[in-house]
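Me: Please show the structure, and let us then discuss the terms used to describe it.

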Amino acid sequence: QDLASEILHLSSSLKLPPIETRTSLTESGSQVGESPRSPVLNMSEEDFEVRAKLVGASPRKGNGLAPYQALPVTKEDMCTITQHLTPALPVLEPSDSTPEEVEERVSRVILEYKKKLEERTQMHMGYPYNLDFDYGPLECLQKFMINNLGDPFIESNYGVHSREFEIGVLNWFAKLWEIDVEDFWGYVTNCGTEGNLHGILVGRETLPDGILYSSVETHYSVFKAARMYRMDAVKIDTLASGEMDYDHFRAMLIKNHDRPAIVNVNIGTTVRGAVDDLDKVIDILKECGFDEDNFYIHCDGALFGMMIPFVKLAPKVSFKKPIGSVSVSGHKFVGAPVPCGVVMTRLKLIQSVSSDVEYLNSRDATIMGSRNGHAPIYLWYTLNRKGYDGIRKDVEKCLMNAHVLRKMLHEAGISTMLNELSSTVVFERPEEEEFVRKWQLACESDIAHVVVMPNISIEKLEVFVQELIESRARMAAQKAMSVAKQALLAQDS
């Protein structure tokens, strides 16, 4: 039996919890609608092969594609995925060459790769990564396998760790989010998704019968958590800005008033950078009869969770409010050579997910267990060198440059949108695929965005806008010439 058939067989036996939408509620009339199946897993083998041909992919082992291969959705949908399959860099046996030849070949590959990274870093605009960092003084630590396995507050028997740096970073964020040192628990994660997985896990363990509520523009990791934890989930509609539709949220709470609420509040959505109003969410929960023992709020801060505390008049994310957890990414606004993040919750809530591990001689309440011990050092290093004032200056620069970009695009006749508290500039999706790839733009449906980070200068914005204008002109010319070509063909026939 080939791999595709096996996947199809497995999919029919898996019963995933539903994700409730306004449409499914209207159609089914029930509290919990049918779970949407993956378009790949629910596909017949014949459709599987047809889809492969449509995207120009080569089937492997009979008529099945590799299970990790992304497939575009049907043409009727707005969303499409353009495949750019990655070639393998071969691993060659050193015995086939002399030691000198091996060293020369490996060094050449690394140098070429370094050049590629420098070029791609220079042309990066679409994803929220601060690429302006220099950790040269920390290169001396690269020869150590630093692992903060287990609980960050309780040392294990493995002595090569960086817990002291990690606790320092956590204390910095505790001050930022207004929680006393003795009242919080947290750790440096391997990425922002891990922070969401952990925050929602604590919510689920605190309120086992709770329903997860989050907007349709939420980062995909939130509903991934719902599937992993077999939680019922409700997708809340959004306003034009990308912010949660509070009327729809209220309606869903009233509909499910007999079950606790676990709410994910977006502190900056992935595509439009919209910020859900935390205070309004809390007020609606209380208006609908949910007391603080009957709801749990996780704040997905990803990028803007680091920026909002430094924006005047912005809603405050604070543990002085009845929230359960906050997570941010470390490699995004702070900047780091490895993905990382921070998640923080209340110490009183962590017991439900914590257990003693004799093998470690420690406790563990993390998702991953072993954790990159270099990441806390990168964060500690930058926070010490910049401090709160340095981060504030970076935030002000990003917001100012985002407004500059929005105005430049507007003057060029390109439709744009910029949320008030955001540095994510949304604009019409470029039609030229080569341009999108060159600038590494994140696209969704008919829009694209640039996330203005500390490494994006006005000079870089000038180059980007100039090339965008030229790209649009090329595509317009191609369309115009296509009309003429068709007219000439019709004339000849």
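Me: Why is strand β12 described as largely enclosed by the rest of the structure?

Reply: The model is predicted: local features need pLDDT of at least 70, side-chain atom pairs count only at pLDDT 80 or more, and totals for chains, interfaces and linings use all residues. Residues are numbered from 1 along each chain as its sequence is written, and side-chain values use heavy atoms, leaving out hydrogens and water. Buried means under 20% relative accessible area, exposed over 50%, and partly exposed in between (1.4 Å probe, protein chains only). In β12 (residues 424-428), 4 of the 5 residues are buried, so the strand is largely enclosed.

Me: How do you know that β12 pairs with β14?

Reply: Strands (E, at least two residues) and helices (H or I, at least four) are DSSP runs, numbered from the N terminus. Two strands pair if DSSP finds at least two bridges between them. β12 and β14 (residues 447-451) have 5 bridges, in the antiparallel sense; one bridge joins V426 to H449. β12 also pairs with β11 (residues 416-418), antiparallel over 3 bridges, where T416 stands opposite F427.

Me: What makes the set of 70 residues a nonpolar core?

Reply: A nonpolar core is a set of buried Ala, Val, Leu, Ile, Met, Phe, Trp, Tyr and Cys residues joined through side-chain atoms within 4.5 Å. The largest such set has 70 residues, and L285 is among those with the most contacts inside it. Helix α11 (residues 374-411) gives the most to this core, 10 residues.
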